[in-house]
Amino acid sequence: MKLTPEQKEQFERDGHLFFPGLFTPDETRTLTNAVPELYSRQEDYNVREKGTNSVRTNFAAHMYSAPFARLGRHPRMIEPVEDLLGEKLYMHQFKINGKMAFEGDVWQWHQDYGTWKNDDLMPTERAMNIAIFLDEVNEFNGPLMFIPGSHKKGVVDAKHDLTTTSYPLWTVDNALITQLVNRAGGRGGFDVAGRPVQGGIVSPKGPAGSMILFHSCLVHASTSNLSPFNRVAVYLSLCAVSNHIRRHKRPEYIAHRDFTPIDCLPDDCLLKEYPVDLPWKDGVPKSAFVTTPEPFKMAA
Ligand code: SIN
Ligand code: MN
């Protein structure tokens, strides 16, 4: 799938693109059906919400689940990102975020590249996020919120938040978020006739199977899910191969260490059982838990 010049321009301006219903219900179902069993596993790669057994985020399913391994090589997702970054990609991070009914907690305001830079020593922002909805996302179940154009600020100041949720994140403070939102259009809301007016926060919503592509410096967040509707979504973080991380400070299931370029499968790969490697199908190797505070040595 190639992007049009208009889509590229929109991405440059806003830092994100939205593709409602890009994957069909049959395609999405192959993924959704696999989630409950993955979430039921008592494994370190399932991070639970604070104080509950609900899964906040499942890491690295493409290493041990065939449907997700196929998704990780899907041309509808890989090709537009290769097109934008002009280079082959590897999988830096792969998450299935739960945001389960009543229990899904907030994701504080942050940029993903802030964390990849600070924790993983990723040299530049040449990496991209993809979100694929496995449930409908609506205004009730904690949709992602973006500040359009905030990616143009590069890396902004952030603090390492280790306490707000069960997952450590480099987060942006309220004063800076206020500035960025004001710069992007302020409150928005409605005009006197009740017509919606876009402000400095946008929130793509749509059916299961929709895809969002967003810049690694785009500032984003989501509120908690107080609705009775799950909001399961897959997040894939794709990095240009030459921009691979330089430090293994986090376990391999969180920040991957295999920088081999991704080869796409055919477009019908969610409907046909193309063979895929599942290197962790019998368990995560001990080496994946070994972390080092120092940058690793690059091959000469
Ligand atoms: C993220 O920013 O990585 C996740 C946000 C969300 O799932 O709402
Ligand atoms: Mn994020």
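Ring pairs join F59, W107, Y167, Y253 and F289 into a cluster. The model is predicted, and the values below are computed from its atoms.

**Charges over W107**

W107, one of the cluster members, also has charged side chains over its ring. R56 lies over the face of W107, and the charged end of K95 sits over the ring of W107 as well. The distances to the ring centre are as follows.

| Charged residue | Ring | Distance from ring centre |
|---|---|---|
| R56 | W107 | 3.9 Å |
| K95 | W107 | 5.9 Å |

**Aromatic pairs**

The structure holds 10 aromatic pairs. One of them is formed by F259 and F296, with ring centres 6.5 Å apart and planes at 25°. Planes under 30 degrees apart count as stacked, so the pair F259 and F296 is stacked. The pair links distant parts of the chain, its two residues being 37 residues apart. Both F259 and F296 are in the segment after strand 14 (233–240). F296 has a relative accessibility of 22% and counts as partly exposed, because buried means under 20% and exposed over 50%.

**Manganese site**

Which protein atoms are donors of the manganese ion (ligand 2)? They are NE2 of H110, OD of D112 and NE2 of H220, and they lie 2.1 to 2.2 Å from the ion. Along the chain, the donors of this manganese ion follow the spacing H-x1-D-x107-H. As for accessibility, H110 and D112 are both buried.

Terms used. Residues numbered from 1 in each chain as written. Chains lettered and ligands numbered in written order. Predicted model: local features only at pLDDT ≥ 70, side-chain atom pairs only at ≥ 80, totals over all residues. Heavy atoms only, no water. Phe/Tyr/Trp six-rings, centres within 6.5 Å; stacked < 30°, edge-to-face > 60°. Helix = DSSP H or I, 4+ residues; strand = E, 2+ residues; numbered from the N terminus. Buried < 20%, exposed > 50% of the residue type's maximum accessible area, 1.4 Å probe, protein only. Lys NZ or Arg CZ within 6 Å of the ring centre and 35° of its normal. Donors = N, O, S within 2.8 Å, 3.2 Å for Na, K, Ca; no water.
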